[in-house]
Amino acid sequence: MADSGTLDGTDTEDGAGSAHVPGPRAPGDGDGGGCGRTPRRTVLRRLGVLVLALVLLCLPPWWTLLASGADWPLPVVLAGTAVLLAWMVGFPFLMVAGHRPRSRDDRAARIADTSLGVVWVLFTWSVLGGLADLLLAGFGVGGTGRARLVAAAVLLVSAVLLAWGHHEAMRVPRVRRLDVRLPRLGAGLDGTRVVVLADTHYGPIDRAAWSAKVTEAVNALAADVVVHAGDIADGTPDRRRAQSAPLGAVRAALARVYVTGNHEYGGEAQGWLDRMAELGWEALHNRHVVVERGGDALVLAGVDDVTAASSGEAGHRADLSGALAGADPQLPVLLVAHQPKYVPQAVAAGVDLQVSGHTHGGQIWPFRYLVRLDQPVVQGLSRHGERTQLYTSRGTGFWGPPFRVFAPSEITLLTLRAGGA
């Protein structure tokens with residue numbers, strides 16, 4: 001059920017997740033059928049997929065670095081192989097221990113996430129190195145020396161990108177500034193400054209100091225509206241209390257609003273709603289508020305993440321008709337929806353601007369191309385239909401591996417402009 005409010009310029013300086021997501025219920029599980037065979041087959045199938053994925057990730061680094069004709073001494077080959085095998089065996093256990101919804105082990109998560117990022121970068125550049133090796137071989141460049149040169153180049157490039165990527169992930173994001181023209185926006189709201197945060201992902205690495213600096217950067221922008229487009233944290237509000245606390249000091253002249261992302265439904269969604277209310281933020285939980293200035297008004301609407309309906313959290317689902325219920329259809333609408341792929345619903349409802357996150361801009365290249373298979377846009381401003389524009393943030397923080405490679409984080413300043421095409 002939606003409700004609405006009117007915010008008329010009162011300064012919101014006063015400061016003041018996730019529900020367990022049940023897995024799919026296998027046929028015969030608990031219904032007396034199948035005598036346990038179907039669940040067992042499901043487990044074996046998932047295990048097989050996991051093993052295949054780990055082998056595919058490790059095979060290119062093993063081949064390019066150790067076995068492609070470089071003729072390293074046997075102890076070097078055995079040691080490198082043992083390291084990759086140990087990671088393949090240990091990684092699943094570390095991930096499970098580090099990312100359990102109710103009892104996360106942050107140390108295990110840090111090890112698992114960081115190692116995954118390292119292996120992904122090695123995989124990418126080992127594949128590219130292997131292709132370069134084939135190309136050089138085609139030109140008749142010598143064998144053992146060529147293979148060792150390629151292996152050294154892959155290691156060097158990977159090390160540089162990991163060091164740089166870690167710096168990019170941990171620094172305070174740069175401000176990305178963009179004017180967005182909304183033909184239906186009234187002249188009184190021309191120049192409205194909307195600051196967008198997304199995907200802060202407060203998590204296993206304690207980033208309380210980083211969070212405070214992000215708040216300082218936001219406050220320096222003199223925002224009229226501050227939006228958090230979801231994925232606030234990984235973990236419960238109690239565990240991430242220190243990291244989320246600086247959100248309470250964020251200032252906005254008209255409104256501070258947020259929506260839930262898919263990660264809020266991996267632990268305590270309602271707990272994060274309560275925590276954000278404590279910090280003084282207003283939930284656009286399938287509802288809207290109206291902000292006014294200079295005699296003109298703008299509808300700020302928001303919906304739960306598209307995963308909410310399957311989360312098991314009562315009363316959570318994406319409901320745009322509920323979010324807009326009671327809103328004046330003549331007013332322009334800024335919709336906050338965590339995932340860009342919600343934009344068809346926004347187009348159908350005549351939304352003027354949708355603000356989303358979720359993609360992280362790909363976070364570690366070339367993962368952006370896999371993200372693009374699931375989402376219509378990876379980052380930036382795009383147009384959909386005759387009226388609707390979509391802004392997709394690359395995200396303010398990071399998830400999992402503490403690296404950003406060719407996908408910088410951002411704090412976004414959208415300046416809304418009235419009139420024109």
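How many salt bridges does the structure hold? The structure holds 16 salt bridges, a salt bridge being a side-chain nitrogen of Lys or Arg within 4 Å of a carboxyl oxygen of Asp or Glu.

## Basis of the model

This is a predicted model, in which local features need pLDDT of at least 70 and side-chain atom pairs count only at pLDDT 80 or more, while totals for chains, interfaces and linings use all residues. Residues are numbered from 1 along each chain as its sequence is written, and side-chain values use heavy atoms, with hydrogens and water left out.

Helices (H or I, at least four residues) and strands (E, at least two) are DSSP runs, numbered from the N terminus. Two strands pair if DSSP finds at least two bridges between them. Buried means under 20% relative accessible area, exposed over 50%, and partly exposed in between (1.4 Å probe, protein chains only).

## The open sheet

Six strands, in the order β2-β13-β3-β4-β5-β6, form an open sheet with mixed pairing. Its edge strands are β2 (174-182) and β6 (282-283), each of which pairs on one side only.

Strand β2 runs parallel to strand β13 (residues 410-418), and nine bridges join them. Within this pairing, D179 stands opposite T415 in β13.

## Salt bridges

Side chains of opposite charge can pair when their charged atoms come close. One such pair is R417 and D190, whose closest N and O atoms are 3.6 Å apart. R417 lies in strand β13 and D190 in the loop between β2 and β3 (192-197), so the salt bridge ties together parts that are 227 residues apart in sequence. R417 is partly exposed at 27% relative accessible area, and D190 is also partly exposed, at 34%.

Strand β13 also holds E410, whose side chain meets that of R394 in a salt bridge (3.3 Å, N to O). This pair links distant parts of the chain: R394 is in the loop between β12 (388-392) and β13, 16 residues from E410. Both E410 and R394 are buried. Elsewhere, D106, R239 and R240 are joined into one network by salt bridges that share partners.

A further salt bridge joins R275 and E278, at 3.0 Å from N to O. Both residues lie in helix α7 (residues 269-278), three residues apart, or about one turn of the helix. R275 counts as buried at 4% relative accessibility, whereas E278 is partly exposed at 40%.

## Strands β7 to β10

Strand β7 (residues 287-293) is mostly covered, with five of its seven residues buried. Seven bridges join β7 to β8 in the antiparallel sense, and R293 has D296 in β8 as its bridge partner. The two strands form a hairpin with two residues between them, and G294 in the turn has a positive phi of about 60 degrees.

Strand β8 (residues 296-302) pairs in the parallel sense with β9 over four bridges. V299 has V333 in β9 as its bridge partner. Strand β9 (residues 333-336) points V333 and L335 one way and L334 and V336 the other, and all are buried. Three bridges pair β9 with strand β10 (residues 353-356), again in the parallel sense. There, V336 stands opposite V355 in β10.

## Surface patches and helix α1

Patches are made of residues with over 30% relative accessible area and no salt bridge; like charges are joined within 9 Å and nonpolar side chains (Val, Leu, Ile, Met, Phe, Trp, Tyr) within 5 Å. Accessible areas come from the Shrake-Rupley method with a 1.4 Å probe, and for residues only the protein chains shown count as cover. For charge, Lys and Arg count as positive and Asp and Glu as negative, while His and the chain ends are not counted. The place of a charge is taken as NZ of Lys, CZ of Arg, CG of Asp or CD of Glu.

R40, R41, R45 and R46 gather in a surface patch of positive charge. Of these, R41 is found in helix α1 (residues 37-67) and is partly exposed, with a relative accessible area of 47%. A nonpolar surface patch of about 490 Å² is made by L44, L47, L50, V51, V55 and L59. L59 is in helix α1 and counts as partly exposed at 45% relative accessibility.

## A buried proline

P237 lies in the loop between β4 (225-228) and α6 (241-244). P237 is buried, with a relative accessible area of 7%. Although P237 and G271 are 34 residues apart in sequence, their C-alpha atoms are 6.3 Å apart in space.
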